[in-house]
Amino acid sequence: MRDTAEVHGYESTSYGDGFAEIYDDWYADVTDVGATVQRMVAVAGSGGHVLELGVGTGRLAVPMVEAGLSVTGIDASTAMLAQLTLRDPSGRVTAVAGDMVDDLPDGPFDAALVAYNTLFNLLEDGAQQRCFNAVAGRLPVGGAFVVEAFVPNIENRSRSDVSVRSMTANRVVLSVSQHSPDRQEASGQFVELTEAGGVRLRPWMVRWATLGQLDAMAATAGFCVESRWSTMNCAPFTDDSTQHVTIYRLTG
């Protein structure tokens, strides 16, 4: 098993703790919230029970509740869950602090969702497979696991990049990243420089999987591929698609 603490000092809570305060500002439009809600209503059924892995600030969970779904969300970062509480002070979303492999609530749930590359935040050897297994244990036969992630370009070579994410008169955010296709990893920092606040580092790291690897993990856990799209609003998936939304159904 891999010790993530040895990877540049990165831990399971590092991303959430680093991005919680700015996540909704930076990533409000990163995916189509309305289309995601519609997709989850379709797969879970009206009034269905949904488990969201990596619930974060509730960007998706709260709109799902507003659409009539019952949502339980889990996140390792208490900083992210604090932002969820601010968004959802009445506690309509059932929030669970914990790991999305070992600490999943019992359920049962009609469907589960892991959105926007969140599955790739699992860095330890075998953790993504164990996540599929754990989700399968919380769904009935026929339950859906919706996985949204980027499609890795396995032909890319190892490289390091530095670019400007944003810049104003008193604030600069730099993006520093390194990519290691041989290890199926990418990591980086957003380096925020402000005249008043100095330097703020926001680290991230992913361990990506190919579509074939994801499908194999799903099959091992008892899922089959029901459908695959390039977006939540069901745009066709093609050889040129850079992201995918895959609906896995539990067959038993």
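The following exchange concerns the cysteines, nonpolar cores and sheet of a predicted model.

Colleague: How many disulfides does the model contain?

Modeller: A disulfide requires two cysteine sulfur atoms within 2.5 Å. The cysteine sulfur nearest to that of C224 belongs to C234 and is 17 Å away, and for C234 the nearest is likewise that of C224. Neither C224 nor C234 is therefore in a disulfide under the 2.5 Å limit. The count is 0 disulfides.

Colleague: Is C234 buried, partly exposed or exposed?

Modeller: Buried means under 20% relative accessible area and exposed means over 50%. C234 has a relative accessible area of 23%, so by these limits it lies in between. C234 is thus partly exposed.

Colleague: Which helix gives the most to the largest nonpolar core?

Modeller: The largest nonpolar core has 48 residues, and L53, F132 and V135 are among those with the most contacts inside it. Leaving aside residues up to four places away in sequence, L53 touches C131, V135 and F145, among others. The helix giving the most to this core spans residues 127-136 and supplies 6 residues: helix α6.

Colleague: Which strands stand at the edges of the open sheet?

Modeller: The sheet has 4 strands in the order β6-β7-β8-β9, with antiparallel pairing. Strand β8 (residues 185-194) pairs with β9 over 10 bridges, and F190 stands opposite R202 in β9. An edge strand has a single partner, so one of its sides is left without a neighbour in the sheet. The strands at the edges are β6 (159-167) and β9 (198-207).

Technical notes. Residues numbered from 1 in each chain as written. Predicted model: local features only at pLDDT ≥ 70, side-chain atom pairs only at ≥ 80, totals over all residues. Heavy atoms only, no water. Buried < 20%, exposed > 50% of the residue type's maximum accessible area, 1.4 Å probe, protein only. Core = buried A, V, L, I, M, F, W, Y, C linked by side-chain atoms within 4.5 Å. Helix = DSSP H or I, 4+ residues; strand = E, 2+ residues; numbered from the N terminus. Contact = heavy atoms within 4.5 Å. Pairing = 2+ DSSP bridges.
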